[in-house]
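User: I'd like to go through the labels on this one and see what backs each of them up. Can you take me through it?

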Amino acid sequence: MQWWTWLLISLGGILTIYTSFLAWLVIRGRHEDARALATFIPDCIVLVTRLARDPRVPRRRKLLLFALVAYLSLPFDLVPDFIPVAGQLDDAIIVALVLRHFVRAGGEPMIRELWLGPERSLALILRLAGPGSPDANPTRSADSPHEA
């Protein structure tokens with residue numbers, strides 16, 4: 001088989017699993033969760049676009065966003081996208097690392113302001129960004145040695 005055949009089969013499989021999971025959420029009566037999952041990727045695209053256009057974002061961080069978009073749009077990655085799950089996982093990790101950089105640099109309020117999706121999705125993004133921002137762990141004391 002040619003590479004594009006594997007790519008189409010992989011994309012079809014991922015789409016089938018994704019659609020099945022959305023249908024399962026709807027059948028179980030979890031409409032809000034289904035909506036959050038269905039709009040998560042478009043909401044992330046809108047967030048990155050709004051961050052790139054915001055005049056408050058420093059030029060270096062905008063370059064990081066453009067590098068992220070370029071990486072995601074390239075046909076070759078660290079792990080090729082035609083490899084099921086692992087191919088998409090490396091993309092998700094790169095996105096999480098870029099958002100982590102934004103949150104750690106004090107951009108959590110701006111991310112909250114520019115996010116259009118459900119609050120639960122935003123909470124997931126901030127949780128993926130991990131600890132390290134002053135707002136991410138409210139129990140940390142102000143004189144903690146872990147703060148930058």
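**Labels and their cut-offs**

Analyst: Let's start with glutamate 108: at 7% relative accessibility, it counts as buried, because buried means under 20% relative accessible area, exposed over 50% and partly exposed in between (1.4 Å probe, protein chains only). This is a predicted model, where local features need pLDDT of at least 70, side-chain atom pairs count only at pLDDT 80 or more, and totals for chains, interfaces and linings use all residues. Residues are numbered from 1 along each chain as its sequence is written, and side-chain values use heavy atoms, with hydrogens and water left out.

User: What makes glutamate 108 and arginine 112 a salt bridge?

Analyst: The N to O distance is 3.1 Å, and the rule asks for a side-chain nitrogen of Lys or Arg within 4 Å of a carboxyl oxygen of Asp or Glu, so the pair qualifies. Both residues lie in helix H4, four residues apart, about one turn of the helix. Helices here are DSSP runs (H or I, at least four residues), numbered from the N terminus.

User: Why is arginine 112 called partly exposed?

Analyst: Its relative accessibility is 40%, which falls between the two cut-offs, so the label fits. Arginine 112 also meets glutamate 119 in a salt bridge at 3.4 Å, N to O.

User: And what does the salt bridge between glutamate 113 and arginine 56 tie together?

Analyst: Glutamate 113 lies in helix H4 and arginine 56 in the loop between H2 and H3, so the pair links parts 57 residues apart in sequence. Their closest N and O atoms are 3.0 Å apart.

Technical notes. Helices (H or I, at least four residues) and strands (E, at least two) are DSSP runs, numbered from the N terminus.
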